[in-house]
2 protein chains.
Amino acid sequence: MTKTLAFVLYPGITPLDLVGPLQVLSALAQIDPSFEVVVVGKGLTPLSTDTPLKLTPSHTFGQVAESFALIVPGGTEPTLAALADEPLLEWIRQVARTAEVVGSVCTGSLILGAAGLLYGRRATTHWGFRDLLAKFGATPVAERWVQDGPVLTAAGVSAGIDMALHLVERLAGEQTARMVQLLIEYDPQPPLGGIDWRSADLDFFKPHARTMVESALAGHPALLARMTT
Amino acid sequence: MTKTLAFVLYPGITPLDLVGPLQVLSALAQIDPSFEVVVVGKGLTPLSTDTPLKLTPSHTFGQVAESFALIVPGGTEPTLAALADEPLLEWIRQVARTAEVVGSVCTGSLILGAAGLLYGRRATTHWGFRDLLAKFGATPVAERWVQDGPVLTAAGVSAGIDMALHLVERLAGEQTARMVQLLIEYDPQPPLGGIDWRSADLDFFKPHARTMVESALAGHPALLARMTT
């Protein structure tokens, strides 16, 4: 039986959160047809992102009732607004009930949290929002990706590529993971090297994150209070 | 005056080719409003990709007559078919005439080649198509990204992220490049390490590449002959 790998799409996401792991898992599906990839949204109209590009899903929530794996991408303020998007959360809860992998990239893990799927789990997210995971009963972890039971969360944006390659290795073995890595030529050479976390100024982001939460959830005082106290 | 950074969109691309550098340069535009990012296509309808996701440009060819930078993403067979897409090539030639940066990711460099922009230039592309660069008068180079005059070409798929960070450093300095890298949390940790090029079997791809070229250009015998002899 075909194993479905479903990405969720909602308005305003950071497209690299989705497209990094989508490209990796689409390569897996190309190599091994026992996997198929879908991108699922409320409807089939193009959705804005935090770039000028618009993205259109391949399936609607109504068309995908269950999935082997589920991956939720993140973003900035629109993702925080999605924490109050009950139809989105309800579809995620429904699919997560039987999914073997419940995944996220970046602040997508906050949506998993809002759906009630992170209680007692170790999880990660973008460094600028990591503290918020605790609001949903999760234990925030500063790792590139974190596996806890079925829950697989990645750090910010580009971390979804690493997480997806890890998932390919787990689902299809090391040889296939190496083939996927070769096909997408993932041999990273950041011009300035990796991030030097000790010298990076992370505190500057705190007021921005706070402002985004307050703006995104202004119409949802109970959730806003939960996120800010 | 605002500097426009234009990505070209055409049917069937590998979306990570576009979205990697798009996310990087959109972060630059967010930090420094003297830059703006656009995604340009023939029309404004959603276009298929080599994944289930569809992508929609923000502008049409007619709306963007010139640009500070131009970046062409690649793909597999549909990109090879685009080597014969004269309206696409003509728009690229027109914008390249005054652009300070003429860039590509993956097999997007073959499109630059077909547009006549690589004569006498050092350039790169996806490892599986590198030999084809010589058909357009370019010198193929096995590097993550290659700068030669205004021409900036990246290796396959994920290499566009590294190339775009290099471009940010060049346009806006090291501090801004580090900030962009931090915002997209680009601290890569490939689970199996980088690609071990010495042990990788690359020859298996040759017949696939050949088949793709033959299939994509079946209706264009002169170009097909140029690409295969």
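This is a short dialogue on reading a predicted model.

Trainee: What pLDDT does chain A average?

Mentor: Where pLDDT is low, predicted coordinates should not be read in detail. In this predicted model, chain A averages a pLDDT of 97, and 100% of its residues score at least 70. The model as a whole scores ipTM 0.97 and pTM 0.97.

Trainee: What rotation superposes chain A on chain B?

Mentor: A rotation of 180°, with 0.0 Å of shift along its axis, superposes chain A on chain B at an RMSD of 0.0 Å. That is the relation of a two-fold axis.

Trainee: Which residue of chain A comes closest to the rotation axis?

Mentor: A:Leu55 does, with its C-alpha at 2.5 Å from the axis.

Trainee: Why can one say that the copies meet through the same surface?

Mentor: Compare the interface residues of the two chains. Here 100% of those in chain A are also interface residues in chain B, so the copies meet through the same surface.

Trainee: How many helices and strands are there in chain A?

Mentor: Chain A has eight helices and 10 strands. The radius of gyration is 17 Å, close to the 17 Å that the globule rule gives for 229 residues, so chain A is as compact as a globular protein of that length. The C-alpha trace spans about 45 × 45 × 35 Å along its principal axes.

Trainee: What percentage of the residues in chain A is buried?

Mentor: Buried residues are 57% of the 229 in chain A. As for contacts with a separation of 6 or more, 64% of those in chain A join residues 24 or more positions apart.

Conventions:
Residues numbered from 1 in each chain as written. Chains lettered and ligands numbered in written order. Predicted model: local features only at pLDDT ≥ 70, side-chain atom pairs only at ≥ 80, totals over all residues. pLDDT = per-residue confidence, 0-100. Least-squares fit on C-alpha atoms with pLDDT ≥ 70 in both. Contact = placed C-beta atoms within 7 Å. Helix = DSSP H or I, 4+ residues; strand = E, 2+ residues; numbered from the N terminus. Rg over C-alpha atoms; globule rule 2.2 N^0.38 Å. Buried ≥ 20, exposed ≤ 12 C-beta atoms within 10 Å, placed from the backbone.
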